[in-house]
Amino acid sequence: MDKFYLTTAIIYVNALPHVGHALEMIGTDALARYKRLTGYDVYFLTGTDENSLNAERRSRELGLPPQQYVNQMADTIQSVWRKLNISNDGFVRTTAERHVATCQAFFERVRANGDIYKGTYEGWYCTSCEAFRAEEELVDGCCPYHPGKKVEWLHEENYFFRLSRYQEPLLRHIEAHPEFIEPEIRRNEIVNFIKSGLQDFSVSRSSMRWGIPVPGDPSQVIYVWFDALLNYITGVGYADDPAMFARYWPADLHVVGKDITRFHAIYWPAMLMSAGVALPKRVFGHGFVYQKGERMSKSLGNVVEPGAIADEFGPDPLRYYLLREVPFDRDGDFAWPTFVQRYNADLGNDLGNLLNRTLSMINRYFGGQVPEPQRADWETNFGDRSLIELSGQTVAAMEQHFNALDFDEALVAIWQFVGRANKYVEENAPWTLNKTDRARLGTVLYDLAESLRLIAHFVWPVIPTTAERMAEQLAVPLEVRGNWPEVSAWGRLAPGTRVTPQPVPLFPRIVPASADKYWRGDIDEEGKRV
């Protein structure tokens, strides 16, 4: 079985995730599920970035020891991902002993290869990014990625990594492997940045006590970005499980936000080159999710909490909305009216009603048992043929679009099949066939039930809870562990299968006015959301 190792960026523990973080997690999760569905041995890693100046400062504000604070935040962040049905296989915490061992062993290896030296650094530092910013990047003295966040001037003696040594090797690698950085706009940005000249970067801090000590020099801690990037090898056993590391490394895909692509496509591969470790195969920098054209932030008061949405509507409406509405390689906007429209129209009407009406007709006309199809008129019945052929085309479209991380296009293809099945109902009018042609009625209802079996598998990567509920009501197994050529072939549904006698709506309708009130953040007299 082929392996597929993919990762998200690890999240800072100084604040709870918003829907921008959720986009990255949900998209990566959808790809992990698709790869499992199609037969890969998947290892999906995420985690928390805990050794930062932000974490240390936030813990002081709350009057907590840093370790207690990061423990609480790591638990809370994991609970949000559970609410969104994220199926990660591993979770790295950068304060864990295994990660400390990875960092110190890797640091020593790079130093032994001559790429670590001591020097003095001064420059503008953004504590939100945990990164130095060049003078020309600043906007009114603020970080370009954190408007209103003033940068700080730092001056201290640190250890440095000889990034400049890897300028030409990086350019050669990208030229030989253009798929290494995607989408193309990110690749062009990275190439231009490298060509402008790479400078060595600081890999330690003397002004912090919270972090992983530099081997042999406890007066310094390893810089958070050198430390954080190493989570990708910690998670597959670099320091403690050679067999696992041999199985899964190199990573097949790192999914990260576009603002940190530079770290993953320049710093990280250069560090790996220095240590003699294979480079990841692909880095994908996705876009941002905005709220009314603005980046979400606590200071602006426009953060949309994914956990709260899941509490109210379940995880699947948000999963569907983000991947259908926001092309993964570009920026998008989160808008409640559009969320409600997608929920009611795509999920409630198109998908939910198709399941409900099909099951209701099987119960009404065939006593709840899926009928045997009788297709003597195959060559002339273009309605049946177009439905069946479109199912195969949908399988092919899913392969193309999921592998390209074009989740919106994959969902468009799946919903074209959903739409074709709904049209098939209207074309054949089962309520009339019940009076005129019972054999034909049986064929039509079999085709609809088989379409729904396939749709349950098609949507499972994106809306897994819905897929499970569909399969349960159809009384069919949800086969999501690798037998894809057979599972996705038409005709696997056994005639005589007894469907649920009482269909349950998948998506009860949202009343737009009440949803808008709820999500404006109104609170009741007890301080709770209403």
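**Asking about burial, salt bridges and overall build**

Colleague: Why is Asp-29 called buried?

Modeller: Asp-29 has a relative accessible area of 0%. Buried means under 20% relative accessible area, exposed means over 50%, and partly exposed is in between (1.4 Å probe, protein chains only). Asp-29 at 0% therefore counts as buried. Keep in mind that this is a predicted model, where local features need pLDDT of at least 70, side-chain atom pairs count only at pLDDT 80 or more, and totals for chains, interfaces and linings use all residues. Residues are numbered from 1 along each chain as its sequence is written, and side-chain values use heavy atoms, with hydrogens and water left out.

Colleague: What makes the contact of Asp-29 with Arg-33 a salt bridge?

Modeller: The closest N and O atoms of Asp-29 and Arg-33 are 2.8 Å apart. A salt bridge needs a side-chain nitrogen of Lys or Arg within 4 Å of a carboxyl oxygen of Asp or Glu, so the pair qualifies. Both residues sit in helix α1 (residues 19–37), 4 residues apart, about one turn of the helix. Helices here are DSSP runs (H or I, at least four residues), strands are E runs of at least two, and both are numbered from the N terminus. As for burial, Arg-33 comes in at 5% relative accessibility, so buried is the word for it too.

Colleague: Which other side chain meets Asp-29 in a salt bridge?

Modeller: That's Arg-319, with 2.6 Å from N to O. This pair links distant parts of the chain, since Arg-319 is in helix α12 (residues 315–325) and Asp-29 is in helix α1, 290 residues apart. Arg-319 is buried as well, at 0%.

Colleague: How do you know whether Glu-108 is buried or partly exposed?

Modeller: Glu-108 has a relative accessible area of 37%, so partly exposed is the label. Its salt-bridge partner is Arg-111, the closest N and O atoms being 2.6 Å apart. Arg-111 is partly exposed too, at 26%. The two are 3 residues apart in helix α4 (residues 97–112), about one helical turn. An α-helix has 3.6 residues a turn, so residues three or four places apart point the same way.

Colleague: How many salt bridges does the structure hold?

Modeller: There are 27. Some join up: Arg-324, Glu-325, Arg-342 and Asp-346 form a network of them.

Colleague: What makes helix α11 largely enclosed by the rest of the structure?

Modeller: Of the 8 residues in α11 (residues 306–313), 6 are buried, so that description fits. Among them are Ile-309 and Phe-313. Gly-314 follows α11, with a positive phi near 85°.

Colleague: How many helices and strands does the protein have?

Modeller: It has 20 helices and 17 strands.

Colleague: Why is the protein called as compact as a globular protein of that length?

Modeller: The radius of gyration, taken over C-alpha atoms, is 26 Å. The globule rule (2.2 Å times the number of residues to the power 0.38) gives 24 Å for 530 residues. Those values are close, so the protein is as compact as a globular protein of that length. The C-alpha trace spans about 90 × 60 × 40 Å along its principal axes, and buried residues make up 57% of the 530.
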